[in-house]
Amino acid sequence: MPVSPSSSAQAAREVVAGRLRDLRREEGLTIVELADRCGWHHSKSSRIENALTGPTATDIRRWCAATNAPDQAQDLIVQSVNAESMYREWRHQIRSGLKQLQDSSAQFFRDTTLFRVYSSTLVPGLLQTEGYAAGVLRTAARFRELPLDDSAEAARARVERSRVIHEPGRRFVLLIEEAVLHCHMADADAMAAQLGHLLTAGALPTVSLGIVPMAARERAQWPRETFHIYDDKLVSVELVSARVRIAQPSEVALYLKAFEELRSMAVYGADARALIVKAIDVLH
């Protein structure tokens with residue numbers, strides 16, 4: 001059974017929890033005794049050790065002082081902060097609106113030189129037209145029950161951010177499942193414009209657009225969750241509840257391996273254009 005990418009963040013939390021538990025045991029303390037030394041209820045110690053509650057920097061300092069290991073506090077604090085930053089809940093990211101979410105990653109896009117994107121569900125944001133993006137973001141705003149629907153402004157910001165594909169010195173390797181072409185996130189006119197844009201964008205010299213056909217036989221990989229790989233250093237995976245960011249080299253390598261296997265099943269050039277034209281014809 002495939003493991004949810006959120007497990008990477010949870011595993012990072014558990015590493016911190018395990019180190020704190022080891023410090024307690026090495027000092028020969030029970031959970032209750034540790035809690036007494038730290039000045040909190042023993043249930044808090046239990047939650048921290050079981051990675052149910054992320055410890056604050058103050059919690060870690062108290063824990064290390066109570067176990068006569070104050071020299072380990074700073075390393076554990078850094079490790080804990082890194083673990084928590086891997087998992088970012090959407091409700092925190094979008095509290096300032098969907099447009100702010102688009103703007104927040106603009107600089108990161110400009111700093112990246114090699115983009116690899118695999119999408120099994122939607123046209124990648126880098127190739128979205130304003131009409132299609134508005135449909136996607138409007139759906140997100142409704143689902144999240146946002147008090148302010150700024151999907152139209154967010155769509156314009158997304159398109160503006162995507163102009164990076166026209167800048168020199170960058171490469172974009174984009175893979176989609178054929179089903180993406182038939183997932184109508186906007187009305188017929190907007191979908192036709194979006195599919196037409198794929199024909200144009202796919203011909204750009206900096207863009208490699210591959211489509212995994214629905215008729216592909218003996219797949220090397222089943223359709224995966226949508227993920228982005230930035231410069232071989234960071235993977236961003238989109239879940240219903242969160243965006244998971246993975247920087248552990250061994251895990252990044254797994255996503256690179258999956259990407260290459262998916263890429264081996266894709267069609268390109270004239271064959272890819274034929275699939276897009278077929279999807280356009282279905283609209284009429």
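Here, buried means under 20% relative accessible area, exposed means over 50%, and partly exposed is what lies in between. Keep that in mind for the close-ups below, which all come from a predicted model.

**Figure 1. E177 and R219 pair up in a salt bridge.** R219 has a relative accessible area of 28%, so it lands in the partly exposed group. Its partner E177 sits at 6% relative accessibility, and therefore counts as buried. Their side chains meet at 2.7 Å, taken from N to O. This pair ties together distant parts of the chain: E177 belongs to strand β3 (residues 171–177), while R219 is in the loop between β4 (207–212) and β5 (227–230), 42 residues apart. As a bit of background, side chains of opposite charge can pair when their charged atoms come close.

**Figure 2. A salt bridge joins R156 to E130.** Here the N to O distance between the two side chains is 4.0 Å. Once again we're looking at a link between distant parts of the chain, with R156 in helix α10 (residues 151–161) and E130 in helix α9 (residues 130–144), 26 residues apart. How accessible is R156? Its relative accessibility is 44%, so R156 counts as partly exposed. E130 comes in at 39%, which makes it partly exposed too.

**Figure 3. E260 and R263 meet within helix α12.** The side chains of E260 and R263 form a salt bridge, at 3.0 Å from N to O. Where do the two residues sit relative to each other along the helix? They are three residues apart in α12 (residues 249–265), so about one helical turn separates them. In general, an α-helix has 3.6 residues a turn, so residues three or four places apart point the same way. E260 is partly exposed, with a relative accessible area of 34%, and R263 is partly exposed as well, at 32% relative accessibility. If you'd like the wider picture, a search of the whole structure turns up eight salt bridges.

**Figure 4. Helix α2 and its buried residues.** Which residues of α2 (residues 31–38) are buried? They are L34, A35 and C38. These residues cover an arc of only 100 degrees around the axis, so they lie on the same side of α2. Just after the helix comes G39, and its phi is positive, near 85 degrees.

Definitions and conventions:
Residues are numbered from 1 along each chain as its sequence is written. This is a predicted model: local features need pLDDT of at least 70, side-chain atom pairs count only at pLDDT 80 or more; totals for chains, interfaces and linings use all residues. Side-chain values use heavy atoms; hydrogens and water are left out. Helices (H or I, at least four residues) and strands (E, at least two) are DSSP runs, numbered from the N terminus. Buried means under 20% relative accessible area, exposed over 50%, partly exposed in between (1.4 Å probe, protein chains only). The arc is that of the directions from the helix axis to the C-beta atoms.
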